[in-house]
Each structure stands twice: as structure tokens, then as C-alpha cells.
Amino acid sequence: MDKPENAAGERKRAPPVKVFSSQLRTATAVRGSSGEPGAGWVVRLGRDRFLQVSLVWMQGTVLEVQLALNRVLLMDETGTFTVQGINGIPKGKPCLSSGKYVMVMGVIQAVSPEPLVRAVKLADLSEHSALHRQMWKLEVEDLQQVLVARMHPASVGP
């Protein structure tokens with residue numbers, strides 16, 4: 001018997017991929033079988049390395065909260081990005097004030113002129129923000145290297 005789809009009828013998504021806002025800014029849409037966008041995004045990781053993603057994990061500092069517009073503007077070390085759907089995230093609002101360092105998991109909605117992510121999860125990382133900021137770049141690079149190696153084992157050098 002086949003595994004059932006979830007209650008909403010969606011296929012199971014791949015786990016979130018850690019990315020920087022600059023990587024999303026240069027991503028390109030993956031076209032579906034009938035040519036329409038919506039099958040995800042291809043993010044450039046390096047010179048000849050690419051990764052298809054739709055669900056992302058990002059971290060950044062809150063610059064501006066716009067509760068009436070259901071969104072927040074964040075900044076990571078490579079630029080700014082917008083997160084929408086914040087009013088629907090349980091326990092998400094308490095971590096949304098200027099200067100807080102937060103983690104967001106979400107679905108990519110747009111990449112240009114600025115990345116736009118629909119939030120699935122928000123968490124406050126402010127308590128140990130210095131450590132989280134310091135480790136973030138290494139975490140992103142490490143995960144991306146592992147994912148590319150799994151997809152293209154021959155492309156990984158010694």
C-alpha cells in the first residue's frame with residue numbers, strides 16, 4: 001500500500017536548507033512539467049554547484065516589524081530579506097522586535113528584488129546571539145557542502 005499524503009494532500013517536503021539571503025537573491029525558478037513556476041528554486045552555491053530548494057532555514061536580526069502587513073524585515077550577514085505570515089506562527093510574535101536575532105524556517109515565495117519567505121517557524125536566538133551569529137556561516141557552508149556531495153559525489157574534491 002502506498003504511503004498516504006498528508007491531510008492537505010501535499011507531498012512530503014524535503015528538510016529545510018540553510019541559506020543566506022544573497023544566495024536567494026540569485027536563485028532561479030524551477031519550472032513544472034507544464035512550464036509554470038512553483039516547483040522550487042535553484043540556488044547557486046559556488047562556481048559550478050547548485051541546489052534545488054523550496055523550504056529554507058535562515059537567521060538574521062530583526063530590522064522592522066510590520067504586524068499590520070503580517071511581515072518582518074530581517075538582515076543576515078549578506079543582506080536583507082522579508083518574512084511574511086508572521087501573525088500565524090504560534091509563539092512567533094514575542095521574538096519579533098527590532099534588534100532580536102531570530103531563526104526562521106519557511107517556504108520561498110520570491111527572490112527578487114528581495115527574498116520573500118512565508119514563515120513556517122520562528123524562534124528567538126537572542127539569548128546566545130553572539131554564538132549563533134558566529135556559527136551560522138559555518139553551519140550554512142557545511143550543510144550545503146554535504147548536500148551537494150550527496151547529490152553529486154564525483155564533483156567533490158579531496
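In the predicted model, Leu74 has Phe81 of strand E7 as its bridge partner. The two strands concerned are E6, residues 71–76, and E7, residues 79–84, which pair in the antiparallel sense over 6 bridges. The connection from E6 to E7 is a hairpin of 2 residues. Strand E7 also pairs with strand E9, which covers residues 116–124; here the sense is parallel and the pairing extends over 3 bridges. In this second pairing, Thr82 stands opposite Leu116 of E9. In a regular strand, side chains alternate between the two faces of the sheet.

These strands belong to a chain that contains 2 helices and 9 strands. Read from the N terminus, the order of elements is β-α-β-β-β-β-β-β-β-β-α. The chain has 158 residues, of which 35% count as buried. Its exposed area is about 9,700 Å², and carbon and sulfur atoms supply 55% of that area. Among contacts between residues at least 6 apart in sequence, 56% join residues at least 24 apart.

One aromatic pair was counted in the model. The pair consists of Trp57 and Trp136, and its geometry is tilted, with 6.3 Å from centre to centre and 35° between the planes. The pair links distant parts of the chain, since Trp57 lies in strand E5 (residues 55–66) and Trp136 lies in helix H2 (residues 129–151), 79 residues apart. In general, a pair of aromatic rings is described by the distance of the centres and the angle of the planes. The two rings belong to residues with separate accessibility classes. Trp136 has a relative accessibility of 2% and therefore counts as buried. Trp57 has a relative accessibility of 23% and so counts as partly exposed, because the buried class requires a value under 20%.

Lys18 is associated with both tryptophans. This lysine is found in strand E1, which comprises residues 17–18, and it lies over the face of Trp57, at 4.6 Å from the ring centre. Leaving aside residues up to four places away in sequence, Lys18 touches Trp57, Trp136, Glu139, Val140, Leu143 and Gln144. With Glu139 there is also a polar contact, made between the two side chains at 3.0 Å. Is Lys18 buried or exposed? Its relative accessibility is 14%, so Lys18 counts as buried.

A further buried position is Val53, in strand E4 (residues 49–53). Val53 has a relative accessibility of 4% and is therefore classed as buried. Its contacts, again not counting residues up to four places away in sequence, are with Val17, Gly40, Trp41, Val43 and Ile108. The C-alpha atom of Val53 is separated by 7.8 Å from that of Pro16, although the two residues are 37 residues apart along the chain.

Note on methods:
Residues numbered from 1 in each chain as written. Predicted model: local features only at pLDDT ≥ 70, side-chain atom pairs only at ≥ 80, totals over all residues. Heavy atoms only, no water. Helix = DSSP H or I, 4+ residues; strand = E, 2+ residues; numbered from the N terminus. Buried < 20%, exposed > 50% of the residue type's maximum accessible area, 1.4 Å probe, protein only. Polar contact = N/O pair within 3.5 Å; in protein donor to acceptor, adjacent residues only side chain to side chain. Contact = heavy atoms within 4.5 Å. Areas by Shrake-Rupley, 256 points an atom, 1.4 Å probe, with all protein chains shown as cover. Pairing = 2+ DSSP bridges. Phe/Tyr/Trp six-rings, centres within 6.5 Å; stacked < 30°, edge-to-face > 60°. Lys NZ or Arg CZ within 6 Å of the ring centre and 35° of its normal.
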